[in-house]
Amino acid sequence: MARAHPLNVLATLDRARTQRYHFTAAAIAGTGFLAGAYDLFSIIFVARLIGRVYYADETASPGEPGGQLPHDAAVALNGVAFSGTFVGQLAFGWLGDRIGRRRAYGWTLALMAVSSAASGLSFGREAKAVLATLCFFRFWLGVGVGGSYPLSAAIIAEYANKRTRGAFVAAVHAMQGVGILLGCTVALGVCSVVPEADHVWRVILVAGAVPAALSFYLRTKLPETARYTALVAREPKRAAADMSQVLRARIQEQELDVSVGRIDDEWGLFSVQFLKSHGLHLLATSSACFFLSVTYYSQNILQKDLLGKLGWVSPSPAASMGAVQEVARLARAQALIALCGASPGYILSVVLIDVLGRRRLQLAGFTVMTLSMLALAISYDHWTSHAAGFFALYNVTFFFASVGPNTTTFVAPAELFPARLRCTCHGVAMAAGRAGAVLGAFGFLSKGADSKYASGIGTRNELFVLAGTNFLGMLMSLFVPETRGASLEVLSKEVVYESIDMFMDSNGE
């Protein structure tokens with residue numbers, strides 16, 4: 001039989017008006033997420049500089065390539081970060097459900113700060129030594145970044161009220177866009193004051209330790225989430241005491257007549273009970289993450305065509321252009337792309353997610369992405385000679401990705417699963433997305449006779465494949481239930497309300 005537990009502390013959090021502690025929790029979770037986005041994104045500038053510094057061809061004539069990072073080395077730099085992120089999402093997701101969100105999040109932030117600083121201090125004078133140490137630290141940086149995904153999502157979801165929860169979780173995810181813009185800004189700033197290319201890439205990497213360290217400090221300002229304390233640690237009185245301090249109000253135990261139904265407290269992720277209750281949700285959220293990431297992380301191949309045709313970057317570094325000048329030019333181009341596409345999408349997702357709902361945004365986003373990719377693929381020859389149109393369609397794709405699935409695939413897994421498995425399941429969904437990222441970033445590449453990597457099936461055919469993956473993402477989104485306005489305990493089936501009126505109230509009806 002289910003046991004009844006008074007959980008007025010959770011009901012109070014659900015009904016609480018939006019106030020200062022919501023923004024504090026969002027700042028803590030968002031700053032860590034910003035640090036992760038900065039650290040992963042900044043490698044595009046670092047790779048250019050390492051190529052120019054450690055692989056400079058002294059015999060090159062004017063106008064010939066002035067040093068490029070070997071493609072195998074570039075793949076290794078990105079691959080170790082992807083691998084570390086995959087491991088971190090699974091490991092810290094599991095750990096967040098075992099030792100608590102706050103404590104596990106502190107470990108991820110410490111790992112990110114130390115690894116960021118160590119990456120910039122990669123030692124050795126020869127290219128192989130520098131790359132080996134950089135890859136080592138990038139792996140552990142990836143582990144920390146991966147851990148920030150499930151933990152930051154769970155922290156803000158469990159602190160938020162049910163009316164604005166989507167906006168706060170989406171705002172934390174939107175810090176990814178801020179991290180990208182910060183990476184461009186730091187690269188431009190460092191390039192303007194540091195003349196030595198070997199120092200520039202090191203400063204860019206070390207700077208990533210600052211937001212991680214700041215978030216590590218800020219996390220001391222809030223206690224463990226009440227949902228972990230009450231439902232997982234099973235200390236509802238301590239949860240009520242913690243939230244009384246946060247809310248600056250006394251929480252009465254019998255304020256709301258709510259019962260928590262636990263059919264079997266012991267069933268876990270690999271149980272029949274989980275499969276029946278949440279198996280389809282985990283499959284749908286993980287699949288949507290996977291299909292989205294295939295498209296999202298294949299954009300490097302498209303950017304190579306786009307940026308070159310727009311004249312924003314050179315396809316290969318020219319000897320007449322300094323390394324620092326080249327990176328500054330690349331940073332401006334990346335900032336413009338982010339400002340035209342992803343960043344406005346992130347902002348709009350925060351505004352719309354609690355108005356239209358997660359499911360509608362995700363379906364609409366995948367639909368537009370499918371149509372945009374088809375339009376680019378069908379008339380690819382036309383678009384390659386009309387760079388402005390190419391740029392517009394490209395940004396439409398990633399604008400709607402940011403408004404829809406890029407945000408909603410982060411939000412939904414933080415809402416659908418029981419508190420004792422919330423971080424684990426979110427980590428599984430994000431790890432599926434990381435597997436899609438590997439496929440998107442490397443799966444379409446083949447190595448040519450010149451040892452360079454290019455799209456193995458041709459860019460046009462790749463666009464057709466991406467349209468197909470977006471369509472599959474749209475189909476899987478049909479199996480993701482709407483979570484707008486409902487209590488986390490209702491969504492995860494941890495709460496049984498004793499009257500239909502209370503159930504309707506939990507859904508904001």
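**Figure 1. The second largest pocket and its lining.** In this predicted model, the lining of the second largest pocket divides into five nonpolar, three polar and five charged residues. The space in this pocket comes to about 320 Å³. Its lining is made of 13 residues, and if you would like to find the centre of the pocket, Arg20, Tyr21, Gln245, Val246 and Arg248 are the ones that lie nearest to it. Two elements, H2 and helix H11 (236-247), each give two or more residues to this lining. H11 provides the largest share, with four residues.

**Figure 2. The largest cavity and the residues around it.** Here we turn from a pocket to a cavity. The structure holds four cavities of 30 Å³ or more, and the largest of them has a volume of about 90 Å³. Its lining brings together Ala25, Ile28, Arg101, Arg102, Tyr105, Ile155, Tyr159, Arg219, Leu222, Pro223, Glu224 and Thr225. Sorted by class, these are seven nonpolar residues, one polar residue and four charged residues. Three helices each supply at least two of the lining residues: H2 (20-41), H5 (101-120) and H6 (127-159). Among the contributors, H5 gives the most, with three residues. Helix H2 may look familiar from the previous figure, since H2 also gives two or more residues to the lining of the second largest pocket.

**Figure 3. Tyr346 and its neighbours in helix H15.** Tyr346 lies in helix H15, which covers residues 342-352. Is Tyr346 buried or exposed? Tyr346 counts as buried because its relative accessibility is 2%, and the cut-off for buried is under 20%. Setting aside residues up to four places away in sequence, Tyr346 touches His173, Ala174, Gln176, Gly177, Tyr296, Ser402, Asn406 and Thr407. Two of these neighbours deserve a second look. The side chains of Tyr346 and Gln176 are joined by a polar contact of 2.6 Å, and a polar contact of 3.5 Å links the side chain of Tyr346 to that of Tyr296. Gly404 makes a handy landmark in this view: 58 residues separate Gly404 from Tyr346 in sequence, while their C-alpha atoms are 8.8 Å apart in space.

**Figure 4. Ser293 in helix H12.** Ser293 has its place in helix H12, residues 272-296. With a relative accessibility of 10%, Ser293 counts as buried. Which residues is Ser293 in contact with, leaving aside its neighbours within four places in sequence? They are Gly433, Gly436 and Ala437. For Gly433 there is a polar detail to look for as well: a polar atom of the Ser293 side chain lies 3.0 Å from the backbone oxygen of Gly433.

**Figure 5. Two residues of helix H10, Thr229 and Val232.** Helix H10 spans residues 226-232 and holds Thr229. Val232 is found in H10 too. Thr229 is buried, with a relative accessible area of 0%. Beyond its neighbours within four places in sequence, Thr229 is in contact with Glu224, Arg234, Glu235, Pro236, Arg238 and Ala239. Glu224 was already met in Figure 2, as one of the residues that line the largest cavity. Val232 has its own set of neighbours: not counting residues up to four places away in sequence, Val232 touches Asp97, Arg227, Ala419 and Arg420. The C-alpha atoms of Val232 and Ala419 are separated by 6.6 Å, although the two residues are 187 apart along the chain.

**Figure 6. The whole protein and the confidence of the prediction.** It helps to place the close-ups in the full chain. The protein has 23 helices and four strands, and buried residues make up 58% of its 509 residues. Among contacts between residues at least 6 apart in sequence, 82% join residues at least 24 apart. The average pLDDT is 84, and 84% of the residues score at least 70. Over residues 1-6 the pLDDT is below 50, and beyond near neighbours in sequence this stretch has 16 contacts in the model. Residues 253-264 also stay under 50, with 45 contacts in the model beyond four places in sequence. Which elements have the lowest and the highest mean pLDDT? The lowest, 39, belongs to helix H23 (residues 500-506), and the highest, 96, to helix H19 (residues 405-411).

Definitions and conventions
Residues numbered from 1 in each chain as written. Predicted model: local features only at pLDDT ≥ 70, side-chain atom pairs only at ≥ 80, totals over all residues. Heavy atoms only, no water. 1 Å grid on protein atoms, 1.4 Å probe; cavity = no way out; pocket = protein on both sides within 12 Å on 5 of 7 lines; lining within 4 Å. Points joined across faces, edges and corners; volume = space filled by probe spheres on them. Nonpolar A, V, L, I, M, F, W, Y, C, P; charged D, E, K, R; others polar. Buried < 20%, exposed > 50% of the residue type's maximum accessible area, 1.4 Å probe, protein only. Polar contact = N/O pair within 3.5 Å; in protein donor to acceptor, adjacent residues only side chain to side chain. Contact = heavy atoms within 4.5 Å. pLDDT = per-residue confidence, 0-100.
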